[in-house]
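Student: I would like to work through this protein step by step, asking about one part at a time. Could we look at it together?

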Amino acid sequence: MSKQHDLVASQIPANDYDEDADVNPSANPHFTDVLAARLSRRVALKGGITTAASALLGGSVLSACGSDGDSPAPAPAPAPVPPTPQLKIGFNAVAKNKNDLVTVADGYNVSILHALGDPMHFGDESWKDDGSEVADSYNRRIGDGHDGMYWFGMSDAGAFDVTRSDRGLLAVNHEYVVAPYVLHPAGRAAGAARNATEVEKEIYAHGISVCEVKREAGVTSMVRGSRFNRRVTSATTMDFTGPAKGSAQLQTLFSTTGVQTRGTNNNCANGYTPWGTYLTCEENYLNVISRAAGDDAARSAKEVVSMNRYGLPQNRKSPYLWETAGTADLFARWNSSVTGAAAAADYRNTINTFGWVVEIDPFAPTSTPAKRTALGRFNHEGAWPAEAVAGKPIVIYMGDDSRNEYIYKYVSKANWDAADVGKGMTAGAKYLDEGTLYVAKFSADGTGTWMELTFNKNGLTNTNASYAFADQGDVLINARLAADVLGATKMDRPEWGAVHPTNGEVYMTLTNNSNRVANTATPTGSQLKPDAANPRYYVDQKGSTNQAGNPNGHIIRWKEDATDVTKMTWDVYLFGAQADAAADVNLSSLTDVNDFSSPDGLYFDKRGMLWIQTDDGAYTDITNCMMLAALPGKVGDGGVATAAGGTQTRAGAKATADTLRRFLVGPKECEITGIAMTPDHRTLFFNVQHPGEETSPDWAAKTFGSYWPANQADQTVKKRPRSATVVITRKDGGEIGV
């Protein structure tokens, strides 16, 4: 997610966690520094800036950059590669709008699968629209803040069936408790200390839901009372596995040996495995963790470095203040301060127990989820696997969604064996507990390197000056610090990723960055100049407000080397912009049928159609957030371009109405997020998160910023807004999007 969506303005403390905050103090170079150094060296030899840029960026330079008599003429940009001929976008684009409903392309149906508070089992009453549900019932109700999700086809015998479309399990993340707290009768109770009943309900409303779904006679619905229906919450017991299991840095009062913990939190994007399990990813977990003033004095120097690098300085209070609700373990464990004689006597290590990829077996509702430490600890936006190939390792791509953080890749030690399909957590241990974690370093010439994060390699030793690593578990618990040592490339909050099912190219959204400054400016604090992979600096007007930096975001992509796991090439696939923006801002030539801002969610269906979702605050004076369908080409199908502000970059082929088109627009003040599709491409699921979030409610008058989803079928209905999962089908029963 790209905006802070935790509390209405009046409820956010001054020291609220800012997911945009720069906690990366490393001196790792940006693309601009690399480019400038190479240009200077090249120009000094001969040929001027044009020859240098041509050599670095490959192919052509802009026609405005002349060539001297001694330099060869720049090669023409390669012709755009058209999408697969048999796959075409087959719907008319939806117009931008600010309606308070899901507006989808003509010829499609919209229905609600489930929303916050809907009971998953019999025995609990239905949502009453008054916040009166008892806290414990949220162990059996749909949670809040719907986000990433995945469809698992299920056989009649209850086993994973990758081909099944009419029966399956849908796993959905519940990222956080949405403002304005429609969980409670009249919002969050005032006061410095939280109400225990409210906090208990919020703890259970976080996490994941797994529910059985059936499609019968063209109607898709949740199977209430299914034995597979399950909630995993911020109180659920979980195992640690992999190299960090048992680390002293994971010891707590709950697990004195550091092999277990309680809860998963702020689960944003997701992933899946070819053996049929769900990967959920812990992102903004600092929303619920506090640390006392003066706590540094009780810590080692290493601990202080780690705490600060992960955004938890002393005297930092979480916006949720869960730790203030009482002394019971359910509440006290959210205080990551030294209060006892040893780590096993308190929760000083709580922060280290979050920030992981968590594996859940949806087909085994009594199984214990596992935090797979081999995939590293950071603000995991998601974990997106490449297509599994027999005899080859499992590969998973991940982004750290904070400003100036990194892109990672995990490669399993074990090679894929299709006989492991359906083996659940046993297969997970085989592929996810032993492997190699890499971090990306991008070069200005359009190539990149994956650098290995392994103890006693690449300077990750116990003699490292900035942080002395003790072992591989320490490297993984402090993956950010390890990546700093290797000089990884700082990126603009990598969000969702997706892997093309046929050519293996990887796409990742870089949602926006208001902290970019002009190339002529002197950056201060966390400000950044543009670079080749984040090339735009411009001023965009929203109403009477000028938004400077890169307000609209973009999508980067890369192609792995066929023979070397450490090499890749990259370009920028799409640049978000409004249709009437200047050409050096609207580098993808977007029009009214496909302009967008702040790309966030990404998903490739098995046909190769890419679905793009937005979480935007920059273009919302014109339109609500949206979802688009795209038919991308491949890395290198465009050429060299100069972005607003003067930075050169590699841009993908320009978009057309045939390759990018708006499929739907969401209700007011929402984020469009999470997407899954049945294997027959006839049912599409997506989530609407926090409708009405930006408007403080009037509890007495019962007025809200949105009344969705209750008003989807009848706009006169006025009920509390709720996050929900939406079902899209074609009226003629055909495939979605074509």
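Student: Which residue in S35 is the bridge partner of leucine 684?

Tutor: We should keep in mind that this is a predicted model. Strand S34 covers residues 684–689 and strand S35 covers residues 724–730, and the two run antiparallel, joined by five bridges. One pair along this stretch sets asparagine 687 opposite threonine 725. For leucine 684, the bridge partner in S35 is isoleucine 728.

Student: Which residue of S35 is the bridge partner of valine 110?

Tutor: Here we turn to the pairing of S2 with S35, where seven bridges join the two strands and the direction is again antiparallel. Strand S2 spans residues 108–115. The partner of valine 110 in S35 is isoleucine 728.

Student: What is the order of the strands in the open sheet of four strands?

Tutor: The strands of this sheet pair in antiparallel fashion, and neighbouring strands are turned by 25° against each other on average, direction ignored. S2 and S33 (671–677) stand at the edges with a single partner strand each, so one side of each has no neighbour in the sheet. Read across the sheet, the order is S2-S35-S34-S33.

Student: How many of the residues of S35 are buried?

Tutor: In a regular strand, side chains alternate between the two faces of the sheet. In S35, Ala724, Val726, Ile728 and Arg730 point one way, while Thr725, Val727 and Thr729 point the other way, and all are buried. The strand is therefore largely enclosed by the rest of the structure, the count of buried residues being seven of the seven.

Student: Is helix H3 largely enclosed by the rest of the structure or left open, and how many of its residues are buried?

Tutor: Helix H3 runs over residues 196–205, and its buried residues are Glu198, Val199, Lys201, Glu202, Ile203, Tyr204 and Ala205. These buried residues pack against strand S4 (167–174), strand S5 (207–216), strand S7 (230–232) and helix H5 (329–332). The helix is largely enclosed by the rest of the structure, because the buried residues number seven of the 10.

Student: Which residue caps the N-terminal end of H3?

Tutor: At the other end, H3 is followed by glycine 207, whose phi is positive, near 110°. At the N-terminal end, a side-chain oxygen lies 2.9 Å from the backbone nitrogen of threonine 197, and the residue that supplies this oxygen and caps the helix is asparagine 195.

Student: Is glutamate 283 buried or exposed?

Tutor: Glutamate 283 sits in the loop between strand S11 (278–282) and helix H4 (301–309). Arginine 377 is 94 residues away from glutamate 283 in sequence, yet the C-alpha atoms of the two are 9.8 Å apart in space. A residue counts as buried when its relative accessible area is under 20%. Because its relative accessibility is 0%, glutamate 283 is buried.

Student: Which strand gives the largest share of the largest nonpolar core?

Tutor: The largest nonpolar core has 75 residues, and those that touch the most other members are Trp558, Trp611, Ile612, Phe663 and Phe686. The strand with the largest share of this core contributes six residues and covers residues 567–575, and its name is S26.

Student: What percentage of the 738 residues in the protein is buried?

Tutor: The protein contains eight helices and 35 strands. Among contacts between residues at least 6 apart in sequence, 68% join residues at least 24 apart. Of the 738 residues, the buried ones make up 62%.

Terms used: Residues are numbered from 1 along each chain as its sequence is written. This is a predicted model: local features need pLDDT of at least 70, side-chain atom pairs count only at pLDDT 80 or more; totals for chains, interfaces and linings use all residues. Side-chain values use heavy atoms; hydrogens and water are left out. Buried means under 20% relative accessible area, exposed over 50%, partly exposed in between (1.4 Å probe, protein chains only). Contact means heavy atoms within 4.5 Å. A polar contact is a pair of N or O atoms within 3.5 Å; within protein, one must be able to donate a hydrogen and the other to accept it, and residues adjacent in sequence count only if both atoms are side-chain atoms. A nonpolar core is a set of buried Ala, Val, Leu, Ile, Met, Phe, Trp, Tyr and Cys residues joined through side-chain atoms within 4.5 Å. Two strands pair if DSSP finds at least two bridges between them. Axes are lines fitted to C-alpha atoms, for helices over the stretch in contact, and angles run from 0 to 180 degrees between N-to-C directions.
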